[in-house]
Amino acid sequence: MAWTYLTIAGVFEVVWAIGLKYTEGFTRLLPSIGTVGAMALSFLFLAIALKTIPVGTAYAVWTGIGAVGTAAMGIFLFGESRDLLRILCILIIVGGIVGLKLSSPQP
């Protein structure tokens, strides 16, 4: 279950990272409330996952999910670059996340 919580934490990290774009420097109330709420949920689920997953692994996976998800959402929502090098770099991060999961003890 810890890996499920960690995945949820990573998804909420993507939500708050993308939400920052919509807050316009925290000048828009509703996007700001949503972003802060997503931050809180992300940290909550990360903290729960850390009860059983080693901190180094959990943090790396959490940030990796956030980096990959935010980069992907940037491509789809904001028309950011889709060039081959960028996609390959994102895939390298995904490989690192998978490697950490496979090499970690199963709680």
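Q: How far apart should the ends of α3 be, given its 24 residues, and what does the model show?
A: Let's start with a quick check you can do yourself. This is a predicted model, and the idea is to count 1.5 Å a residue along a helix. For α3 that gives an expected span of 34 Å, and its end C-alpha atoms are 33 Å apart, which agrees.

Q: What happens if I try that on helix α2, residues 29-49?
A: Go through it the same way. Helix α2 has 21 residues and should span 30 Å; the C-alpha atoms at its ends are 30 Å apart, so the two agree.

Q: Okay, back up a bit. How many helices and strands are there in the protein?
A: You'll find four helices and zero strands. Reading from the N terminus, the order is α-α-α-α. The C-alpha trace spans about 45 × 35 × 15 Å along its principal axes.

Q: Which residues of α2 are buried?
A: Here "buried" stands for under 20% relative accessible area. In α2 that picks out Ser32, Thr35, Ala38, Ser42, Phe45, Leu46 and Ala49. They cover an arc of only 165° around the axis, so they sit on the same side of α2.

Q: Why do residues three or four places apart point the same way in an α-helix?
A: It comes down to the turn: an α-helix has 3.6 residues in each one, so a step of three or four places brings you back to the same direction.

Q: And what does the face of α2 turned away from the buried side carry?
A: That face has the exposed residues Leu29, Leu30 and Ile33. As for the buried residues of α2, their cover includes α1 (2-23) and α3 (55-78).

Q: Can we zoom in on one of them? Is serine 32 buried or exposed?
A: Serine 32 is in helix α2, and its relative accessible area is 10%, so it counts as buried. To see who is around it, skip its neighbours within four places in sequence: serine 32 then touches Thr23, Phe26 and Thr27.

Q: What covers the buried residues of α3?
A: The cover includes α1, α2 and α4. Among the buried residues of α3 are Val61, Trp62, Ile65, Val68 and Ile75, along with glycines including Gly64, Gly66 and Gly69.

Q: How do I read the sign of phi?
A: As a rule of thumb, most residues other than glycine have a negative phi. In this model, glutamate 24 has a positive phi of about 50° although it is not a glycine. Phenylalanine 26 is another non-glycine with a positive phi, of about 60°. Glutamate 24 lies in the loop between α1 and α2, and phenylalanine 26 is in the loop between α1 and α2 as well. Glutamate 24 is exposed, at 54% relative accessible area, while phenylalanine 26 is partly exposed, at 44%. Glycine 79, just after α3, has a positive phi of about 65°.

Q: Where does aspartate 83 lie?
A: Look in the loop between α3 and α4 (84-103). Aspartate 83 is partly exposed, with a relative accessible area of 42%. Its C-alpha atom is separated by 21 Å from that of glycine 96, which is 13 residues away along the chain.

Q: Last one: what can I say about the whole protein?
A: Try burial, surface and contacts. Of its 107 residues, 32% count as buried. The protein exposes about 6300 Å², with 75% of that supplied by carbon and sulfur atoms. For contacts with a separation of 6 or more, 67% come from residues 24 or more positions apart.

Note on methods:
Residues are numbered from 1 along each chain as its sequence is written. This is a predicted model: local features need pLDDT of at least 70, side-chain atom pairs count only at pLDDT 80 or more; totals for chains, interfaces and linings use all residues. Side-chain values use heavy atoms; hydrogens and water are left out. Helices (H or I, at least four residues) and strands (E, at least two) are DSSP runs, numbered from the N terminus. The expected span of a helix is 1.5 Å times one less than its number of residues. Buried means under 20% relative accessible area, exposed over 50%, partly exposed in between (1.4 Å probe, protein chains only). The arc is that of the directions from the helix axis to the C-beta atoms. Contact means heavy atoms within 4.5 Å. Accessible areas come from the Shrake-Rupley method with a 1.4 Å probe; for residues, only the protein chains shown count as cover.
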